[in-house]
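User: Hi! I'm new to this one and would love a friendly walk through its strands and its core. Could you take me along step by step?

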Amino acid sequence: MPINKPYVPNNTPASEMRSQGRAVKPKDAATLIIVRRDSTQPKILMGKRSAEHKFMPNKFVFPGGKVDPGDSRIRPPKDLHPSVLQRLMKGCSESRARSLALAAIRETFEETGLILGESDSSTIKTRSAQWQAFLQHGINPRLDTLNLIARAITPPYRNRRFDTRFFMVEADIIQGDVHAAPLGSGELLAMHWVSLIDAEKLDLPIITRMILKEVEQRLAGDHSPDVEGPFIYFRNGKPVIDKV
């Protein structure tokens, strides 16, 4: 009987491969695709991961990162769209679902300096150092504008794994000058607004390239919060594309 070998792309660096033992448990993470429509072609914000990163060095990605404990301790005045919340809760609790959306906004702020939210309500309070840095600007994060467009779990052959939810949002909720060069923590380099056509020419992780296709389809068609997106994961060593 033939043995099914796990699918492993040839371009996976040896330094990112799991050498032995059980697969690493994925950590919850969130990514934010910000769309600008103030030119002839929509543009999205991308940055390059440092060569010092142990996970996907030198690759261009969207801003984002791991969920922080502080992400579960605040409740913005404007909540997730009911359909987005329901789809997020397929793999987690209601509280965790909000944490994922908030992580996308917080990590974007930390990596780019961009503040996505609104100032029309009293600023919420928190003891989270990460969120205090955001909230000191008098802006509350807005969850109602975020749309869940995809979910992906890093393959089990990797030595670092993430269960990432990909959110999409319009740039018009950015507070301040959207034309200014994004300035964040330095974790992402060469940050710039790029068209989808130009983005595809960058050095991208496989999953980022797949998400770009989803972004392109949504910009050309239905961007409703009710529309399901791809859920990419591995089963028995083989890639599976489901719905989220």
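User: Which way do β7 and β11 run, parallel or antiparallel?
Analyst: This is a predicted model, where local features need pLDDT of at least 70, side-chain atom pairs count only at pLDDT 80 or more, and totals for chains, interfaces and linings use all residues. Residues are numbered from 1 along each chain as its sequence is written, and side-chain values use heavy atoms, leaving out hydrogens and water. Strands are DSSP runs of E with at least two residues, helices are runs of H or I with at least four, and both are numbered from the N terminus; two strands pair if DSSP finds at least two bridges between them. Ala 152 stands opposite Ile 232 in β11, and the two bridges joining β7 to β11 are parallel.

User: How many bridges join β11 to β12?
Analyst: β12 covers residues 238-243 and runs antiparallel to β11. Phe 234 has Pro 239 in β12 as its bridge partner. The number of bridges joining β11 to β12 is six.

User: Which residue takes a positive phi in the hairpin of β11 and β12?
Analyst: That hairpin has two residues between the strands. The phi is near 55 degrees, and the residue is Asn 236.

User: Which element supplies the largest share of the largest nonpolar core?
Analyst: A nonpolar core is a set of buried (under 20% relative accessible area, 1.4 Å probe, protein chains only) Ala, Val, Leu, Ile, Met, Phe, Trp, Tyr and Cys residues joined through side-chain atoms within 4.5 Å. Among the 41 residues of the largest one, Ile 34, Leu 116 and Phe 167 touch the most other members. Elements supplying at least two residues each include β1 (27-36) and β11 (230-235). The largest share, eight residues, comes from α2.

Key. Buried means under 20% relative accessible area, exposed over 50%, partly exposed in between (1.4 Å probe, protein chains only).
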